[in-house]
Amino acid sequence: MASVLIIDDDDMVRTMLLRTVTRGGHEAFGARDGVEGIARFREHPADLVITDIFMPNQEGLATIMELRRRTPDLKIIAISGGGARASLDVLPVAEALGAQKTLRKPFTPAEVMKAINEVLEG
């Protein structure tokens, strides 16, 4: 069982991910943006972080860089639907900054669990 921190400002997406991860047999906890996510990670370091890219207060790319500085071996999955900037494809940038896997919204629970399993096994 892994501990998974989910950082996403969309309550519906965060709730779906929390349920999916929990049903997949892992411990899951969430945060609404990168600032809250970093604080939660300090309190309870996770084995894996799933972070959205476009969020208020602190976006996902900055969050990935900060997490990577703190915990170089941390496993990270970046997710994005593009938000208001749907024409920007930042997922390759997230990979360059250290995300082992990326998922484009919308995704299915099965796709999420496949990505989690691949990252945790890798």
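**Salt bridges and helix packing**

R14 is buried (under 20% relative accessible area, 1.4 Å probe, protein chains only), with a relative accessible area of 9%. This is a predicted model, where local features need pLDDT of at least 70, side-chain atom pairs need 80 or more, and totals for chains, interfaces and linings use all residues. Residues are numbered from 1 along each chain as written, and side-chain values use heavy atoms, without hydrogens or water.

**Exercise 1. Find the acidic partner of R14 in a salt bridge, and say how the two are placed in helix α1.**

Step 1: Look at the side chain of R14, which meets that of D11 in a salt bridge (Lys or Arg side-chain nitrogen within 4 Å of an Asp or Glu carboxyl oxygen). The N to O distance is 2.6 Å.

Step 2: Count along helix α1 (helices are DSSP runs of H or I, at least four residues; strands are runs of E, at least two; both are numbered from the N terminus). D11 and R14 are three residues apart there, so about one helical turn separates them.

Step 3: Check the surroundings of D11. Its relative accessible area is 46%, so D11 is partly exposed (neither under 20% nor over 50%).

**Exercise 2. Describe the salt bridge between E66 and R42, and state which parts of the chain it links.**

Step 1: Start with the distance. The side chains of E66 and R42 meet at 3.8 Å, N to O.

Step 2: Locate both ends. E66 belongs to helix α3 (residues 60-70) and R42 to helix α2 (residues 34-43); the pair is 24 residues apart and links distant parts of the chain.

Step 3: Compare the accessibilities. E66 counts as buried at 17%, whereas R42 counts as exposed (over 50%) at 51%.

**Exercise 3. Work out how α2 and α3 pack, and which residues make the contact.**

Step 1: Take the axes (lines fitted to C-alpha atoms over the stretch in contact). They are 10 Å apart, and the angle (0 to 180 degrees between N-to-C directions) is about 20 degrees.

Step 2: Name the arrangement. That angle makes α2 roughly parallel to α3 (under 35 degrees).

Step 3: List the residues in contact (heavy atoms within 4.5 Å). From α2 come G34, I38, F41 and R42, and from α3 come T63, E66, L67 and R70. You have met two of these before: R42 and E66 form the salt bridge of Exercise 2.

**Exercise 4. Now describe the packing of α1 and α5.**

Step 1: Helix α1 (residues 11-23) and helix α5 (residues 109-121) have axes 10 Å apart and pack at about 60 degrees.

Step 2: This angle makes α1 oblique to α5 (outside under 35, 65 to 115 and over 145 degrees).

Step 3: On the α1 side, M16, L17, T20 and V21 make the contact; on the α5 side, P109, V112, M113 and I116 do.

**Exercise 5. Which residues are linked with K105 in a network of salt bridges, and where do K105 and D52 lie?**

Step 1: The network links K105 with D8 and D52.

Step 2: For the pair K105 and D52, the side chains meet at 3.4 Å, N to O. K105 sits in the loop between β5 (101-104) and α5, and D52 in strand β3 (residues 48-52), so the bridge ties together parts 53 residues apart in sequence.

Step 3: K105 is partly exposed, at 21% relative accessible area, while D52 is buried, at 4%.

Step 4: Finish with the total: the structure holds eight salt bridges.
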